[in-house]
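Grab a coffee and work through these exercises with the model open beside you. Each one sets a task and then walks through a solution.

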Amino acid sequence: MANNYLIKGDSKEILKNLSNNSIHLVVTSPPYFNAREYSQWEKLDDYLNDMRNIFKEIFRILNNHRVFVLNVGDVQCKLGAQPWTLRRIPLGALFTTMCQEIGFEYVDNYIWDKGEPQSYRHMNGVTKFPFYQYPINSYEHILIFHKHILDQTRLPCPVCGSPHVQNNSQSEIGVQSWECNNENCIERSEGNRGKRFSARSIMMQKGQKEENIIEENLKKKWRKDIVSFSPVIKIFGDKNIAGHTAPFPEDIPEMAIKFYSYKGDTILDPFAGSFTTSLVAMKNGRHSIGIEVMPEYVKIGEKRLRNYTKQTRLDNNEKHDIILLDKKNLDRIKIQKSKVFDKENYIRTKQKRGVTPINQTDLQNLSISQSL
Ligand SMILES: C[S@@+](CC[C@H](N)C(=O)[O-])C[C@H]1O[C@@H](n2cnc3c(N)ncnc32)[C@H](O)[C@@H]1O
Ligand SMILES: [Zn+2]
């Protein structure tokens with residue numbers, strides 16, 4: 001059973017109720033400073049402060065070695081004087097610095113080429129003289145950040161379970177690694193050194209299962225750092241058929257979820273809008289939490305998720321619970337532990353084996369990848 005929580009409320013408040021290191025992936029697209037009716041801040045600094053507070057909470061609740069995918073456009077705002085009134089706000093750059101200051105590692109920046117724009121409201125095509133020209137905005141950023149802090153907890157050896165491990169030097173910046181000290185551990189190098197491992201390597205090895213394989217065509221689509229796909233077509237005639245003014249296409253959460261999470265993980269979108277992230281999480285065997293401040297958008301999201309479960313009831317055995325919450329009943333949220341690596345559980349089960357030497361027969365019974 002997959003849980004999908006739709007939370008009506010302000011992320012500034014709601015996120016405070018989620019526990020440290022509990023979420024496995026965050027995918028979101030925040031309001032772009034004064035680009036839409038729902039994003040009215042007087043000053044850019046007020047907007048940035050709000051975003052900073054929310055991103056700090058994201059850093060706290062995201063599990064270590066996990067990823068934050070942030071889609072944002074460098075919006076154009078009418079801030080200048082005539083005739084050149086438009087000013088580009090470099091939100092991609094501002095958020096990059098902001099997230100680094102918070103503690104995230106900046107990993108990547110996909111440029112999403114949105115193709116021919118649907119709206120020409122910022123075009124200056126009429127005047128043919130100098131200093132009137134600027135391009136219509138047709139790209140957005142998809143920024144990839146990593147929470148990658150030194151984990152000081154010494155984990156038992158993944159092979160023999162020995163709790164006697166030596167604190168190794170860092171294998172790379174931000175990754176604490178250990179080396180097994182058990183002389184009888186079967187994974188020793190020719191120089192008689194023990195297996196070296198880290199929390200991150202255990203997680204990544206355990207996640208290499210059939211169910212987490214990324215399709216070749218998806219890898220191909222996101223092979224380069226400029227990616228072209230269509231935005232959501234919202235307007236037909238003069239009617240907004242999407243119901244939300246700025247949904248992102250499923251392509252973004254699809255890449256994020258398949259590239260940076262495992263089956264059974266919990267995916268959070270703190271600016272859920274029409275709950276596209278939750279929908280894609282559902283389609284891919286993940287649990288989801290979406291937070292949205294506008295009640296009418298929560299309704300749109302709920303309808304979308306319910307429609308999906310109705311459509312797929314016949315050919316899909318997975319069951320989805322759709323749970324509507326607000327700030328008064330957040331204690332109903334139950335976040336599942338990661339299927340690939342739950343640190344506390346890992347320590348408990350491994351330590352039981354102690355330092356008893358493992359013989360070859362035991363080894364054959366113990367597929368290393370399963371035992372991780
Ligand atoms: C760019 S839209 C996200 C659209 C979404 N990706 C989708 O596919 O529909 C940003 C959303 O964040 C919501 N929002 C703005 N500030 C918020 C806050 N503090 N807490 C929760 N939601 C917020 C807005 O109402 C808006 O729906
Ligand atoms: Zn060992």
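By class, the shell around ligand 1 holds 11 nonpolar, 6 polar and 3 charged residues. Here Ala, Val, Leu, Ile, Met, Phe, Trp, Tyr, Cys and Pro count as nonpolar, Asp, Glu, Lys and Arg as charged, and the others, Gly among them, as polar.

A bit of housekeeping before the exercises. This is a predicted model, in which local features need pLDDT of at least 70 and side-chain atom pairs count only at pLDDT 80 or more, while totals for chains, interfaces and linings use all residues. Residues are numbered from 1 along each chain as its sequence is written, and chains are lettered from A and ligands numbered from 1 in the order in which they are written.

**Exercise 1. Find which residues come nearest to ligand 1, and which elements give two or more residues to its shell.**

Step 1: a residue is near the ligand if its C-beta atom, placed from the backbone, lies within 6 Å of it. There are 20 residues around ligand 1, and Pro247, Phe271, Gly273, Ser274 and Thr276 come nearest.

Step 2: the elements giving two or more residues to this shell are α1 (11-14) and β15 (287-292). Helices (H or I, at least four residues) and strands (E, at least two) are DSSP runs, numbered from the N terminus.

**Exercise 2. Take stock of the protein chain: how many helices and strands are there, and what share of residues is buried?**

Step 1: the chain has 11 helices and 16 strands.

Step 2: 33% of its 372 residues count as buried. A residue is buried if 20 or more other C-beta atoms lie within 10 Å of its own, exposed if 12 or fewer, and partly exposed in between, with C-beta atoms placed from the backbone.

Step 3: look at the contacts between residues at least 6 apart in sequence; 69% of them join residues at least 24 apart. Contact requires the C-beta atoms of two residues, placed from the backbone, to lie within 7 Å.

**Exercise 3. Work out how α2 and α3 pack.**

Step 1: two packed helices are described by the angle between their axes and the distance between the axes. Axes are lines fitted to C-alpha atoms, for helices over the stretch in contact, and angles run from 0 to 180 degrees between N-to-C directions.

Step 2: α2 (residues 44-61) and α3 (residues 91-102) pack at an angle of about 45°, their axes 10 Å apart.

Step 3: α2 and α3 are therefore oblique to each other. The cut-offs are under 35 degrees for roughly parallel, over 145 for roughly antiparallel, 65 to 115 for roughly perpendicular, and the rest for oblique.

Step 4: now the handedness, which is right-handed for α2 and α3. A crossing is left-handed if the near helix is turned anticlockwise from the far one by less than a right angle, and right-handed if clockwise.

Step 5: α2 brings Leu48, Arg52, Phe55, Lys56 and Phe59 to the contact, and α3 brings Leu94, Met98, Cys99 and Ile102. By class that gives 7 nonpolar, no polar and 2 charged residues.

**Exercise 4. Do the job again for α6 and α7.**

Step 1: α6 (residues 251-260) and α7 (residues 276-283) pack at about 50°, with axes 9 Å apart. That makes α6 oblique to α7.

Step 2: the crossing of α6 and α7 is right-handed.

Step 3: Pro253, Glu254 and Ile257 in α6 meet Thr276, Thr277, Val280 and Ala281 in α7. These contact residues divide into 4 nonpolar, 2 polar and 1 charged.

**Exercise 5. Where does Leu62 lie, and is Leu62 buried or exposed?**

Step 1: find Leu62 in strand β3 (residues 62-72).

Step 2: count neighbours. Leu62 is buried because 24 other C-beta atoms lie within 10 Å.

Step 3: skipping residues up to four places away in sequence, Leu62 touches Ile23, Val26, Phe68 and Lys147.

**Exercise 6. Compare the settings of Asn21 and Asn192, each with a positive phi.**

Step 1: phi is about 55° in Asn21, which isn't a glycine, and near 55° in Asn192.

Step 2: Asn21 sits in the loop between α1 and β2 (23-28), whereas Asn192 is in the loop between β9 (177-180) and β10 (196-198).

Step 3: Asn21 is partly exposed, with 15 other C-beta atoms within 10 Å, while Asn192, with 7, is exposed.
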